[in-house]
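Trainee: Hi! Could you walk me through this one while I have it open?
Mentor: Happy to, let's take a look together.

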Amino acid sequence: DSSTGVISGTPTVTASSASYVITDTNSGGSDTGTISMSVNAPAQSGLSYATENMTLEKGTAMTPNLPSVSGGTVTSWEINPTLPSGLTWGTSDGKISGTPTVLQTTATTYTIWANNSGGEASANVNITINDAIPVMSYSTTEITETKNVAISPSIAPTTSGGTITSWEISPSPGSAFTFNAV
């Protein structure tokens, strides 16, 4: 206000810090003062992800997990710690996507920040990466053998998918057969 020197109003754009010289004058002379002023963007709020607890499968492409944030425009995104191998971090949009290539069988928490000049908003997501479900099959489902004659050749399954860590048979064949967990 040129009659009172009061600075007021509502900023409509963001602005970097700048110095302004203000001069007051009367019949006896003038005096000057300097102020520094910047206008920050509104801070973000309410950062969240569509899926906060992500359970993924090694080798299988995930559905991208997109953030939702309200408030000011996000100018940068951060995540800590770094995502597991095969997953990608959207530095321009905060999106988590990709195909995991490693196991992470214990949930790990990742903190994500949406930033701008007005501040930041943060959210956590938990990621677990399990192995692919193993798939097995036998070349035959009907086996007829002779008592006291060894099965020859052995009947082995064909497997695919994730790494198999154990085998079991049910019901137990008792002493009639030997079931070897290979």
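Trainee: Is Ser 76 buried, partly exposed or exposed?
Mentor: Ser 76 has a relative accessible area of 31%. Buried means under 20% and exposed means over 50%, so Ser 76 counts as partly exposed. Keep in mind that this is a predicted model.

Trainee: Got it. Where is Ser 76 found?
Mentor: Ser 76 is in strand β6. That strand has a covered face with Trp 77 and Ile 79, while Ser 76 belongs to the uncovered face along with Glu 78 and Asn 80.

Trainee: What is Ser 76 in contact with?
Mentor: Leaving aside neighbours within four places in sequence, Ser 76 is in contact with Trp 113, Ala 114 and Asn 115. Ser 76 and Ser 117 are 41 residues apart in sequence, and their C-alpha atoms are 9.8 Å apart in space.

Trainee: How do β6 and β9 pair?
Mentor: They pair in the antiparallel sense, over 5 bridges. Glu 78, for instance, has Trp 113 in β9 as its bridge partner.

Trainee: What is the strand order in the open sheet?
Mentor: The order is β4-β10-β9-β6, so to speak a row of 4 strands with mixed pairing. β4 and β6 stand at the edges with a single partner strand each, so one side of each has no neighbour in the sheet. From one strand to the next, the twist averages 30°.

Trainee: And over how many bridges do β9 and β10 pair?
Mentor: Over 10 bridges, in the antiparallel sense. Asn 115 has Glu 120 in β10 as its bridge partner.

Trainee: What about the loop between β9 and β10, where Gly 118 is found?
Mentor: Gly 118 is partly exposed there, with a relative accessible area of 31%. Apart from neighbours within four places in sequence, Gly 118 is in contact with Asn 40, Ala 41 and Ala 43. Gly 118 and Thr 159 are 41 residues apart in sequence and 55 Å apart in space, C-alpha to C-alpha.

Trainee: Back to β10. Is Thr 128 buried or exposed?
Mentor: Thr 128, which has its place in β10, is buried, at 12% relative accessibility. Setting aside neighbours within four places in sequence, its contacts include Met 54, Thr 55 and Leu 56, as well as Gln 104 and Thr 105.

Trainee: Let's switch to the core. Which residues touch the most other members of the largest nonpolar core?
Mentor: Those are Leu 47, Tyr 49, Leu 83, Trp 89, Ile 96, Ile 112 and Ile 127, out of 19 residues in that core. The elements giving two or more residues to the core are β3, β4, β6, β7, β9 and β10. The largest share, 5 residues, comes from β10.

Trainee: Why would nonpolar side chains be buried together?
Mentor: That is a general tendency of nonpolar side chains in soluble globular proteins.

Trainee: What does Trp 89 touch?
Mentor: Not counting residues up to four places away in sequence, Trp 89 touches Tyr 49, Trp 77, Glu 78, Ile 79, Leu 83, Gly 94, Lys 95, Ile 96 and Ile 112.

Trainee: One last residue: where does Asn 65 lie, and is Asn 65 buried or exposed?
Mentor: Asn 65 lies in the loop between β4 and β5. Asn 65 counts as buried, at 3% relative accessibility. A polar atom of the Asn 65 side chain lies 2.6 Å from the backbone oxygen of Thr 51. Beyond neighbours within four places in sequence, the contacts of Asn 65 include Tyr 49, Gly 94, Lys 95 and Ile 96.

Definitions and conventions
Residues numbered from 1 in each chain as written. Predicted model: local features only at pLDDT ≥ 70, side-chain atom pairs only at ≥ 80, totals over all residues. Heavy atoms only, no water. Core = buried A, V, L, I, M, F, W, Y, C linked by side-chain atoms within 4.5 Å. Buried < 20%, exposed > 50% of the residue type's maximum accessible area, 1.4 Å probe, protein only. Contact = heavy atoms within 4.5 Å. Pairing = 2+ DSSP bridges. Axes fitted to C-alpha atoms, helices over the stretch in contact; angles between N-to-C directions. Polar contact = N/O pair within 3.5 Å; in protein donor to acceptor, adjacent residues only side chain to side chain.
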